[in-house]
Amino acid sequence: MKKSVLFICTHNSARSQMAEGFLRSMYPDKYEVASAGTIASHVNPYAIEVMKEIGIDISNHRSKSIEEFKGKTFDYVITVCDRANETCPFFPGKVHIHRNFEDPALATGSDEEKLKVFRKVRDEIRAWIEENFGKGMIDSKDVSSFKIEG
């Protein structure tokens, strides 16, 4: 049976979208995956572009609010930014996983300079997912299923 994963960041525009894209494409037989933001916005075009560069299409993703997932149960809820970790609803007696990644949407400069930051964050997310999901580190942690209360 597949385990369910929800990635959360502030706007569900880049980091959580890339994490969803990676997990869905790398381990489709092991995980059902979704992403959301504490505030929904749009999927960042730079995130779409840097994922496309490596053969992962997230152009059909849409930004979603965590409100869409209230009452649903996930095996793993993973916050990928400090702000989401601080503002995400509290899960009494439950465990969630947190791994902060730099916000590439804050990058400034030319398109190429922004893409460089997006690529760096993309590669960090991929490495983290490979380490934790590919090598089974997540499944070996004592993380219980939990529900977003609402």
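**Notebook: cysteines and helix packing**

I searched the whole structure for disulfides and found 0. I note at the outset that the model is a predicted one.

**Entry 1. The cysteines**

I asked why C9 forms no disulfide. The closest cysteine sulfur to that of C9 belongs to C81, and the distance of 5.4 Å is too far for a bond. A disulfide would require the two sulfur atoms to lie within 2.5 Å. I then looked from the other side: for the sulfur of C81, the closest cysteine sulfur is in C9, again at 5.4 Å and too far for a bond.

Is C9 buried or exposed? I recorded a relative accessibility of 2% for C9, so it counts as buried. C81 is buried as well, with a relative accessible area of 2%. The cut-off applied here is under 20%.

**Entry 2. The surroundings of C81**

I looked up where C81 sits and found it in the loop between β4 (76–79) and α3 (82–87). I next listed what C81 touches, leaving aside residues up to four places away in sequence. The list comprises I8, C9, T10, R15, H98, R99 and N100. C9 is thus among the residues in contact with C81, although the sulfur atoms of the two are too far apart for a bond.

I also compared C81 with S16. These two residues are 65 apart in sequence, and their C-alpha atoms are 8.8 Å apart in space.

**Entry 3. The chain as a whole**

I counted 5 helices and 6 strands in the protein chain. Starting at the N terminus, I read the order of elements as β-α-β-α-β-β-α-β-α-α-β. The chain has 150 residues, of which 45% count as buried. I then turned to contacts between residues at least 6 apart in sequence: 76% of them join residues at least 24 apart.

**Entry 4. Helix α1 against α2**

I examined helix α1 (residues 15–26) and helix α2 (residues 45–53), whose axes come within 10 Å and cross at roughly 25°. The two helices are therefore roughly parallel, an angle under 35 degrees being the criterion. I noted the crossing of α1 and α2 as right-handed. Which residues make the contact? On the α1 side they are M18, G21 and F22, and on the α2 side A47, V50 and M51. I sorted the residues of this contact by class and obtained 5 nonpolar, 1 polar and no charged.

**Entry 5. Helix α1 against α4**

I repeated the examination for α1 and helix α4 (residues 111–134). Their axes also come within 10 Å, and the crossing angle is roughly 45°. That angle makes α1 oblique to α4. The crossing of α1 and α4 is right-handed.

From α1, I listed R15, M18, A19, F22, L23 and M26 as meeting α4. Their counterparts in α4 are F118, V121, R122, I125, R126, I129, E130 and F133. By class, I found 10 nonpolar, no polar and 4 charged residues in the contact of α1 with α4. R15 of α1, which meets α4 here, also appeared in my list of residues touched by C81.

**Entry 6. Y46 in α2**

I located Y46 in helix α2. What does Y46 touch, residues up to four places away in sequence aside? I recorded D111, K114, L115 and F118. I finally looked up Y46 with R119: the residues are 73 apart along the chain, and 9.1 Å separates their C-alpha atoms.

Technical notes. Residues are numbered from 1 along each chain as its sequence is written. This is a predicted model: local features need pLDDT of at least 70, side-chain atom pairs count only at pLDDT 80 or more; totals for chains, interfaces and linings use all residues. Side-chain values use heavy atoms; hydrogens and water are left out. Buried means under 20% relative accessible area, exposed over 50%, partly exposed in between (1.4 Å probe, protein chains only). Helices (H or I, at least four residues) and strands (E, at least two) are DSSP runs, numbered from the N terminus. Contact means heavy atoms within 4.5 Å. Axes are lines fitted to C-alpha atoms, for helices over the stretch in contact, and angles run from 0 to 180 degrees between N-to-C directions. Angles under 35 degrees count as roughly parallel, over 145 as roughly antiparallel, 65 to 115 as roughly perpendicular and the rest as oblique. A crossing is left-handed if the near helix is turned anticlockwise from the far one by less than a right angle, and right-handed if clockwise. Ala, Val, Leu, Ile, Met, Phe, Trp, Tyr, Cys and Pro count as nonpolar, Asp, Glu, Lys and Arg as charged, and the others, Gly among them, as polar.
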